[in-house]
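User: Please take a close look at a single part of this structure, and place it in the setting of the whole. I should be grateful for one connected account.

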Amino acid sequence: MQYRRARRKFDDEPENHERWLISYADFITLLFAFFVVMYAISSVNIGKYKVFSDALGDAFGGQGAAPLVNTEVQNIPIPNPAQRRRAEQIRKEKEQMTRLANDLAATLAPLVKEGKVKVTQNSRGVSVEINASVLFNPGDARLTSESREALTAVASLLKDDPHAVQVEGHTDKMPIKNASFPSNWELSAMRAGTVVRLFIESGVAPERMTAVGHADNHPVASNDDPEGRARNRRVAVTILSAIPDPSTEIPRGAPAQPVPAPR
């Protein structure tokens, strides 16, 4: 009697318990690609486009980012007529104020070279700072004959100009008390008013003028020595810009940029 051995089945392969890792890896790859796409389309620009393209290329076996046909598209400004008009108005106003500053510096050139007058331009407009010794005798608010000639020349430039004009009087810290001026407040205000009155008499429209007295509250130098006190005694004539330009704004306390005197 013959017995046959039972044949062993070799076609049954052992079960692979790690097949889920393939599906998991595919899921993570797709999820990563999804977040890259969402990040890229949030704001289209060259940098994000490259990140997006590189990520997709790496995830799906590509060669990285494809070259852009036109990389200058992102630099095309969005048309805004209101902003363009505003920028053009500021540009024209700044040019007009610069011409006025140059004309004033040329008219007052001898005094500018002597350091007695300073012409500056900033966001407020154009300022002509005149040392009080050029305009008045000590403790007095009456213009000297020489100062009247210089101020009349300034008024001739301002007469046909449409901008508002603010005249500010400043004194040193030395107290004054007499029948005419009980304090530096009255002296500084009277000096500013005297300059305004001369401008009006020279043809500048009164409605454009403002006179302000600051006494000794805005010094530009130390009041501890005669040189500093002499600098603090001054009158500032400011032609106010109709459209202040923030790009030329000078921080409070920083010196303004002087307009060079003509050679």
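Analyst: Two residues are in contact when heavy atoms of theirs lie within 4.5 Å. Among contacts in the chain between residues at least 6 apart in sequence, 68% join residues at least 24 apart. The model is a predicted one, in which local features need pLDDT of at least 70 and side-chain atom pairs count only at pLDDT 80 or more, while totals for chains, interfaces and linings use all residues. Residues are numbered from 1 along each chain as its sequence is written, and side-chain values use heavy atoms, with hydrogens and water left out.

The chain has eight helices and six strands (DSSP runs numbered from the N terminus: H or I of at least four residues for helices, E of at least two for strands). Starting at the N terminus, their order is α-α-α-α-β-β-α-α-β-α-β-α-β-β. Of the 263 residues in the chain, 32% are buried; this term means under 20% relative accessible area, exposed means over 50%, and partly exposed lies in between (1.4 Å probe, protein chains only).

The part chosen for the close look is helix α6, residues 145-158. The expected span of a helix is 1.5 Å times one less than its number of residues. For the 14 residues of α6 this gives 20 Å, which agrees with the end C-alpha atoms being 20 Å apart.

Which residues of α6 are buried? They are Ser147, Ala150, Leu151, Val154, Ala155 and Leu158. Because these buried residues cover an arc of only 145° around the axis, they lie on the same side of α6; the arc is that of the directions from the helix axis to the C-beta atoms. An α-helix has 3.6 residues a turn, so residues three or four places apart point the same way. The other side of α6 holds the exposed residues Ser145, Glu146 and Glu149.

Further along the chain, histidine 170 belongs to strand β3 (residues 165-170). Its relative accessible area is 7%, so histidine 170 counts as buried. Apart from its neighbours within four places in sequence, histidine 170 is in contact with Ser188, His214, Ala215, His218, Asn232, Arg233 and Arg234. Histidine 170 and leucine 187 are 17 residues apart in sequence, and their C-alpha atoms are 8.5 Å apart in space.

Isoleucine 28, by contrast, lies in helix α1 (residues 20-42). With 35% relative accessibility, isoleucine 28 counts as partly exposed.
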